[in-house]
Amino acid sequence: MGHPVEENLKIVRQQMELACQASGRKIEDVKLLLATKTVPLDKLQMAIQAGETLFGENRAQELRDKFPLMQQYNQVEWHFIGHLQTNKVKDVVKYVTFIHSVDRLKLGQALHHQLVKENKTMDILVQVNTSYEESKFGVPPETALELVEQLSQFETLNVKGLMTIGKLNAANDETRHCFRLLKLIQSQIREKKIPRVEMDILSMGMSCDFRVAIEEGATMIRVGTSVFGQRYLPDSYYWNDNAHRDD
Ligand SMILES: *Cc1c(COP(=O)(O)O)cnc(C)c1O
């Protein structure tokens, strides 16, 4: 038996394969991103040593804390997957190559402003609130296309696709509905052939629902608990805190 992180990774990878087989998809078409909020450095290191290369953080502060480790491994890519306040843009842009959670024009403007200053570009996904829950961030499905069009005007931002958090603690088919909706929005946006916009990535599925997400077309799943174990902070700390909204 290896370290628990290694064992858990094997299990998750097996489950990904099964979900791919069940839905006639190729395993190479689904990437595993490890959600590492609250996860200590030694566990992260285990995952890196086991060959994992995609990691996602939710907070600027934690990115900063983990930066020394990031610097040791240049094969590892860091993504930002949490709610991003405009006043944290500067800190986040410094550390990541990809942002999954762009959900409003104001954030796009703030990112563009900072990226111009730094002479950089950033790959982004537009986060869509497919479950229509108040507590979740994301643009409403009805205005996703409009936001993508607006964001495409910023030459520093490369729109690569869409992200969503499916309805949690819900019946399987309710969650599935969220993922289907994201896929539908993807195809509607694709039809518009918006210049500079790519729609190849669908970031959807977490520990509780990644198999369903794969069946519904996820190209990237974001998994934390199944690999690293339970977190000591509730997710409401990251997701539901309306006090942290800045617009
Ligand atoms: C924490 C988190 C995940 C992973 O959640 P698990 O249930 O631990 O797998 C995925 N996406 C986002 C945006 C997260 O904040």
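# Worked exercises on a predicted model

Asp91 is in contact with Ala60 and Arg64, leaving out residues up to four places away in sequence. Keep in mind throughout that this is a predicted model.

**Exercise 1. Place Asp91 in the fold, and decide whether Asp91 is buried or exposed.**

*Solution.* Start with the element: Asp91 belongs to helix H4, which covers residues 89-95. Next, look at the accessibility. The relative accessible area of Asp91 is 19%, and the cut-off for buried is under 20%. Asp91 is therefore buried. To finish, put its partners Ala60 and Arg64 back in the picture.

**Exercise 2. Check the length of helix H1 and find what covers its buried side chains and backbone.**

*Solution.* Step one is the span. Helix H1 runs over residues 4-22, which makes 19 residues. At 1.5 Å a residue it should span 27 Å, and because its end C-alpha atoms are 27 Å apart, the two values agree.

Step two is the list of buried residues. In H1 these are Val5, Glu7, Leu9, Val12, Met16, Ala19 and Cys20.

Step three is the cover. Among the elements lying over those residues are strands E1 (31-35) and E8 (220-223), along with helices H2 (41-49), H8 (210-215) and H9 (225-228).

Step four is a look past the end of the helix. Just after H1, Gly24 has a positive phi of about 65°.

**Exercise 3. Compare the surroundings of Ile189 and His112.**

*Solution.* Take Ile189 to begin with. Ile189 sits in helix H7, residues 172-191. Its relative accessibility is 2%, so Ile189 counts as buried. Now list the contacts beyond four places in sequence: Ala144, Leu145, Val148, Leu162, Ile194 and Met199. One of these, Leu145, is 44 residues from Ile189 in sequence, yet their C-alpha atoms are 6.0 Å apart.

Then turn to His112, which you'll find in helix H5, residues 105-118. His112 has 17% relative accessibility, so it counts as buried too. Its contacts outside the four-place window are Phe154, Glu155 and Thr156.

**Exercise 4. Find two residues other than glycine with a positive phi, and say where they lie.**

*Solution.* A bit of background helps here: most residues other than glycine have a negative phi. Against that background, Asn119 has a positive phi of about 55°. Asn119 is in the loop between H5 and strand E5 (122-127). At 74% relative accessibility, Asn119 counts as exposed.

The other one is Tyr132, whose phi is also positive and near 55°. Tyr132 lies in the loop between E5 and helix H6 (144-151).

**Exercise 5. Work out how Arg222 is held by the protein and how it meets the ligand.**

*Solution.* Begin with the location: Arg222 is in strand E8. Its relative accessible area is 4%, so Arg222 is buried.

Now see what lies around Arg222. Leaving aside neighbours within four places in sequence, its contacts include Leu33, Ile81, His100, Met163, Ile165 and Gly205. Leu33 is 189 residues away from Arg222 in sequence, while the two C-alpha atoms are 4.8 Å apart.

Next come the polar contacts. The Arg222 side chain reaches the backbone oxygen of Thr164 at 3.0 Å. That side chain also makes a polar contact of 2.9 Å with the side chain of Ser203.

Last, the ligand: one of its nitrogen atoms is 2.8 Å from a polar side-chain atom of Arg222. As for the ligand's own surface, the protein covers 97% of the 390 Å² of accessible area that the ligand has on its own.

**Exercise 6. Describe the shell around the ligand, then follow Arg231 outwards.**

*Solution.* Count the shell: there are 12 residues around the ligand, and those coming nearest are Lys37, Asn58, Ser207, Thr225 and Arg231. Sort the shell by type and you get 5 nonpolar, 4 polar and 3 charged residues.

Look at the oxygen atoms of the ligand next. An N or O atom in the Thr225 side chain is 2.5 Å from a ligand oxygen. A backbone N or O atom of Gly224 is 2.8 Å from an oxygen atom of the ligand.

Now follow Arg231, in the loop between H9 and helix H10 (236-239). Setting aside residues up to four places away, Arg231 touches Lys37, Thr38, Gly224 and Thr225. Arg231 and Val39 are 192 residues apart along the chain, with 7.5 Å between their C-alpha atoms.

Key:
Residues numbered from 1 in each chain as written. Predicted model: local features only at pLDDT ≥ 70, side-chain atom pairs only at ≥ 80, totals over all residues. Heavy atoms only, no water. Near = heavy atom within 4 Å. Polar contact = N/O pair within 3.5 Å; in protein donor to acceptor, adjacent residues only side chain to side chain. Areas by Shrake-Rupley, 256 points an atom, 1.4 Å probe, with all protein chains shown as cover. Nonpolar A, V, L, I, M, F, W, Y, C, P; charged D, E, K, R; others polar. Helix = DSSP H or I, 4+ residues; strand = E, 2+ residues; numbered from the N terminus. Buried < 20%, exposed > 50% of the residue type's maximum accessible area, 1.4 Å probe, protein only. Contact = heavy atoms within 4.5 Å. Expected span 1.5 Å × (residues − 1).
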